[in-house]
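Biologist: I should like to learn how to read this structure. May we take its features in turn, beginning with the whole and ending with single residues?

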Amino acid sequence: MEKENEIGETINLDSYDLYLNRELSLLEFNQRVLAQAKDSRVPLLERLNYLCISCSNLDEFFEVRVASLLQMAEMDPKAIGVDGLSPHEQLERISAKAHDLVEDQYRVLNDILLPALAEENIHFIRRTEWTAKQLKWLENYFNEELLPILTPVGLDSAHPFPRILNKSLNFIISLTGKDAFGRNSGRAVLQAPRALPRIIQLPPDATGSGPHDFVFLSSIIHAFVDQLFNGMNVKGCYQFRVTRNSDFFVDDDAIDDLLLAVEGELAMRNYGDEVRLEIAANCPEETVNFLMARFELTPDRLYLVDGPVNLNRLQAIINHVERPELKFTPFKPAIPSQLARNKDIFAAIDKQDILLHHPFESFLPVVEFLKQAASDSDVLAIKQTLYRTGADSPIVGALVKAARAGKEVTVVIELRARFDEKANINLAAKLQEAAVHVVYGVVGYKTHAKMCLVLRKEGKKLRNYVHLGSGNYHPKTALLYTDYGLFSCDKELGEDVRRVFAQLTSLGKVTKLNKLLQSPFTLHSGLIEKIEREINHAQAGKPSGIIIKVNAIVEQQLTKALYRASQAGVKIHLIVRGICCLKPGIPGVSENIEVRSIIGRFLEHTRVYAFENDGNQEVYVASADMMGRNMFKRVETGFPIENKRLHQRVRSDLELYLKDNCQAWLLQSDGQYVQLSPGEGEDTIQAQSELLASLQN
């Protein structure tokens, strides 16, 4: 598609130059997360947590995104993305950027966080620093707790190289001498069982240590590994870890039972193709080459690290150290006044729609909604989608109670919620045991919508009460993620939710919805239409504007629509937590677009689409990001916030995020992000902190 700019030049909106690479954009997000670990304004143990999060994110990036690119490079090496890069070109750039990121992670650990922790008397004690008491206690710990369950494998013709679990801690050991059978291949492999703690706290009484002195499991194994090889000489012991392809494939056209298919693929996740090899930086080159050859990896997929090969395990320290001053100040999520005054949640919803903004406001009303539905004799049926939750969740408990009370309970579980597949399989079994009707949505389309419907008999009428949200029905993540949830008994909205559930559980043609936008049918086209409407308003000199807050912007048709809106003079503000393939600030294309990312205490997760619409403002909250998968390969919902007070509240929240000058990062047209800071004499505005303060009871 082409359009002329103000000086008559033709601009092709399909040009590769107008799009950022999604994988590199995701790595930029991880860099912003890591920046929190460097920020001295953040409490120290929380900084350590941000380091761990950046490492965990990078693991998933390799398991899914890099693994997918490697497969694409084999199947279709000439494929070109919207940014003009082939799979091989993307992998080259990813490797360079990921290596820089990993170096930065270990630099933050060794040069910033460990010294700062030591100043607070939180120590990770090296082997060379152990006292005689510590050495004695640790040797006893090795003999009693580790030695009985460690199983080294000497490598020879009878003991081939063992299968290495995905992301497990392993050691490659160099040996000399001969064993009782006269054998020695010169090498052995030791796999650390996953049940073992990776960090051990030294008991002050037994070792004379401080209250927060820790030792890495790897240090203990290194110190006493020779006891595993009686009579032989250990010349070297080095950590390594392999990351594997964890994005399993289920052929939608060839399966009869989705549950069995997912269970079968899940069993293979730990042994997918190798995509990354991490080895201790002091490992000899010969041993490094041996491991690379064993895993058939090229040098660009090798990462030599100066420290533990799995920094994620450092998160355990946060729970071990009771130092409130080194953590975020605890808070109690608020209960909205409508619900605090009225214990009957159905009566409260009957009076007016209720909007919850987690985690600033409590998730408990959602749990209470289902608990009251389970025990209310007037409730006839409950329908619910579950994407990520836990089998021990109070949500699940309420659904089980409702089914056992004789109510009609239907739950749509998405078995293929990545990395939650096993939990969801167990959840399905638990619900089925209680006679809940469990379905797995529509084959070929993930059910990502967050919906709950309660059918209640009131007098001679049946009435639908609904909860719709941007996040999952998970009480724990509701304390960590920002999300909106809406309670309503609006007749048309309730009928829409009922129709969507009918699609998911039965068969039939698409039915027209009154208020909901739904993927894969009307959400994408509906958003395009609303963007085009803003274009028409701008061209007619009427008030126009767009504010969108999502986790990712990738889908090209929506991106081009935003470019066209910018060219028409529509002011566009995009608050995008993670991936953004759109380039702001390009003359003649996107000079009216600002893109910012908010990285703070809570993970920004709300999805909001707001349109000025000639003064008749519209606000939609959705479960969907602006990605192709959300628009075309998932069942998603977008719902309007029609109550004027709630509508204005969401708009005010968006405006607050647009004023943030502490935790906001502005995207530049070259793909780099610049963190904002208050100017001289300018008030400090931190959106999450202000929301937390304003919504406290």
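Biologist: How far apart are the mean positions of the positive and negative charges of the protein?

Modeller: Please bear in mind that this is a predicted model. One averages the places of each kind of charge and compares the two averages. The protein has 80 positive and 91 negative charges, and their mean positions are 5 Å apart.

Biologist: What radius of gyration does the protein have, and how should it be judged?

Modeller: It is set against the value for a compact globule with the given number of residues. For 697 residues that value is near 26 Å, and the protein has 28 Å, so the two agree. Along the principal axes, the C-alpha atoms fill a box of roughly 85 × 70 × 60 Å.

Biologist: How many helices and strands are there, and what share of the residues is buried?

Modeller: The protein contains 20 helices and 29 strands. Of its 697 residues, 57% are buried. The accessible surface comes to about 30,000 Å², and carbon and sulfur atoms contribute 49% of that area.

Biologist: What share of the contacts joins residues 24 or more positions apart?

Modeller: One considers contacts with a separation of 6 or more, and asks how many span a long stretch of sequence. Here 73% of such contacts link residues 24 or more positions apart.

Biologist: Which residues of helix H8 are buried?

Modeller: The general idea comes first. An α-helix has 3.6 residues a turn, so residues three or four places apart point the same way. In H8, which covers residues 285-295, the buried residues are Thr287, Val288, Phe290, Leu291, Met292 and Phe295. They pack against strands S5, S6, S9, S10 and S11. Just after H8, Glu296 takes a positive phi of about 55°.

Biologist: Turning to single residues, where does Lys549 lie, and is Lys549 buried or exposed?

Modeller: Burial is judged from the relative accessible area, with under 20% taken as buried. Lys549 lies in strand S21, residues 546-550. Its relative accessible area is 3%, so Lys549 is buried.

Biologist: With which side chain does the side chain of Lys549 make a polar contact?

Modeller: The partner is the side chain of Glu604, at 2.7 Å. Beyond its neighbours within four places in sequence, Lys549 is in contact with several residues, among them Thr482, Ile575, His605, Leu654 and Tyr657.

Biologist: Why does Gln384 count as buried?

Modeller: Gln384 counts as buried because its relative accessibility is 0%. This residue belongs to strand S13, residues 379-386. Leaving out residues up to four places away in sequence, Gln384 touches residues including Leu370, Ile395, Met451, Cys452, Tyr473 and Phe501.

Biologist: Where does Leu202 lie, and which residues are in contact with Leu202?

Modeller: Leu202 is found in the loop between strand S7 and helix H5. Its relative accessible area is 0%, so this loop residue is buried. Setting aside neighbours within four places in sequence, its contacts include Ile125, Trp137, Leu138, Asp213 and Val215. By C-alpha atoms, Leu202 and Ile547 are separated by 52 Å, and they are 345 residues apart along the chain.

Biologist: Which residues does Ser219 touch, and is Ser219 buried or exposed?

Modeller: Ser219, in helix H6 (residues 217-224), has 12% relative accessibility and therefore counts as buried. Apart from residues up to four places away in sequence, Ser219 touches Arg127 and Trp130. Between Ser219 and Val497 the C-alpha distance is 56 Å, with their positions 278 residues apart in sequence as the separation.

Methods: Residues numbered from 1 in each chain as written. Heavy atoms only, no water. Helix = DSSP H or I, 4+ residues; strand = E, 2+ residues; numbered from the N terminus. Buried < 20%, exposed > 50% of the residue type's maximum accessible area, 1.4 Å probe, protein only. Polar contact = N/O pair within 3.5 Å; in protein donor to acceptor, adjacent residues only side chain to side chain. Contact = heavy atoms within 4.5 Å. Rg over C-alpha atoms; globule rule 2.2 N^0.38 Å. Areas by Shrake-Rupley, 256 points an atom, 1.4 Å probe, with all protein chains shown as cover. Lys, Arg positive; Asp, Glu negative; His and termini not counted. Charge placed at Lys NZ, Arg CZ, Asp CG, Glu CD.
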